[in-house]
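Got the viewer open? Let's take a walk along the chain, one selection at a time.

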Amino acid sequence: MRKSALILILFLITGCGFSPLYVERESESKWYYNANFNPSIIEEMQQIKVEPIADRFGQQLRNNLLDSLTPKGTPKNPKYRLFVKLASKRTYDQAIRQDITATRRMVVFKVTYYMMEGTEKLFTSNSIAYTSYDILKNPYSTTVAEQKADTDAAKIIGDDIALRIGAYFHSVITKQGSTSDI
């Protein structure tokens, strides 16, 4: 009974419309995973220059984007330019004690970004990350926890932006069938 339920679930998952992001289907009748991957999406992503981002959070975010988009180094003649800006950083006290002091703080980061090819803006979007940390009796420990929350938010937003850029290239390449027209 369990084996048949597992097989049924696997068939349902494969029929849900899932398609790998970094793989281009060779034809409608062929299966994706025949070891003939089309690297065109990754090649397009490696042609992005990530412009500098202000402040320490921006440095961490830019480093995460560079690791995700251009792991072999910044391209010499980039085809695309990515502009990122921290739109807001808001903190909210949580877990309020009876003496009206907080023991936890939530931080919400909102980033806006856009990508350009030459003088044409390809798309604009934003990304949000929620992190939190404990407010401890030792101020140094609280500062370290706050810095860790900032680092985590930069990683979350960097991964989200890289995924969305990959989805953008996937949709463009899938529509056009080749990267020469991107």
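## Start at the hairpin

Select strands E3 and E4 first: together they make a hairpin with two residues between them. Click on Gly118 in the turn, and you'll find a positive phi of about 65°. Keep in mind as you go that this is a predicted model.

Now follow the two strands away from the turn. E3 covers residues 102-117, and its pairing with E4 is antiparallel, with 14 bridges. To see one of these bridges, pick Tyr113, whose partner in E4 is Ser125.

## Widen to the sheet

Next, show all the strands of the sheet. The sheet is open, has four strands in the order E1-E2-E3-E4, and mixes its pairing. Which strands stand at the edges? They are E1 (48-50) and E4 (120-134); each has a single partner strand, so one side of each has no neighbour in the sheet. Look at the sheet from the side, too: on average, neighbouring strands are turned by 25° against each other, direction ignored.

Zoom in on E1 and E2 (residues 80-96). These two run parallel and are joined by three bridges. Ile48 is a handy residue to click, as its bridge partner in E2 is Tyr80. If you like to display hydrogen bonds, remember that strands of a sheet pair through backbone hydrogen bonds, either parallel or antiparallel.

## Rings to look for

Turn on the side chains of the aromatics. The structure holds six aromatic pairs. One of them is Phe83 with Tyr114, a stacked pair at 5.0 Å centre to centre with 20° between the planes. Phe83 belongs to strand E2 and Tyr114 to strand E3, so the pair links parts of the chain that are 31 residues apart. Buried or exposed, or something in between: where does Tyr114 fall? Tyr114 has a relative accessible area of 28%, which means that it counts as partly exposed.

Then select Tyr80, Tyr113, Phe123, Tyr168 and Phe169, which form one aromatic cluster. You've met two of its members already: Tyr80 as the bridge partner of Ile48, and Tyr113 as the bridge partner of Ser125.

## Over to helix H3

Move to residues 55-69, which make up helix H3. A quick check with the distance tool works well here: at 1.5 Å a residue, these 15 residues should span 21 Å, and the end C-alpha atoms are indeed 21 Å apart. Colour Phe57, Gly58, Gln60, Leu61, Asn64, Leu65, Leu66 and Leu69, and you have buried residues of H3.

Asp55 deserves its own click. Asp55 lies in H3 and has a positive phi of about 70°, although it is not a glycine. Its relative accessibility is 60%, so Asp55 counts as exposed.

## Zoom out

Now show the whole protein. You should count four helices and four strands, arranged along the sequence as α-α-β-α-β-β-β-α. Of its 182 residues, 32% count as buried. Among contacts between residues at least 6 apart in sequence, 57% join residues at least 24 apart.

Finally, colour by pLDDT. The mean for the protein is 82, with 77% of residues at 70 or more. Where does pLDDT stay under 50? Select residues 178-182, for which the model has 14 contacts beyond four places in sequence. Where pLDDT is low, the predicted coordinates should not be read in detail.

Terms used:
Residues are numbered from 1 along each chain as its sequence is written. This is a predicted model: local features need pLDDT of at least 70, side-chain atom pairs count only at pLDDT 80 or more; totals for chains, interfaces and linings use all residues. Side-chain values use heavy atoms; hydrogens and water are left out. The expected span of a helix is 1.5 Å times one less than its number of residues. Buried means under 20% relative accessible area, exposed over 50%, partly exposed in between (1.4 Å probe, protein chains only). pLDDT is the predictor's confidence in each residue, from 0 to 100. Contact means heavy atoms within 4.5 Å. Two strands pair if DSSP finds at least two bridges between them. Axes are lines fitted to C-alpha atoms, for helices over the stretch in contact, and angles run from 0 to 180 degrees between N-to-C directions. Rings of Phe, Tyr and Trp (its six-membered ring) pair if their centres lie within 6.5 Å; planes under 30 degrees apart count as stacked, over 60 as edge-to-face and the rest as tilted.
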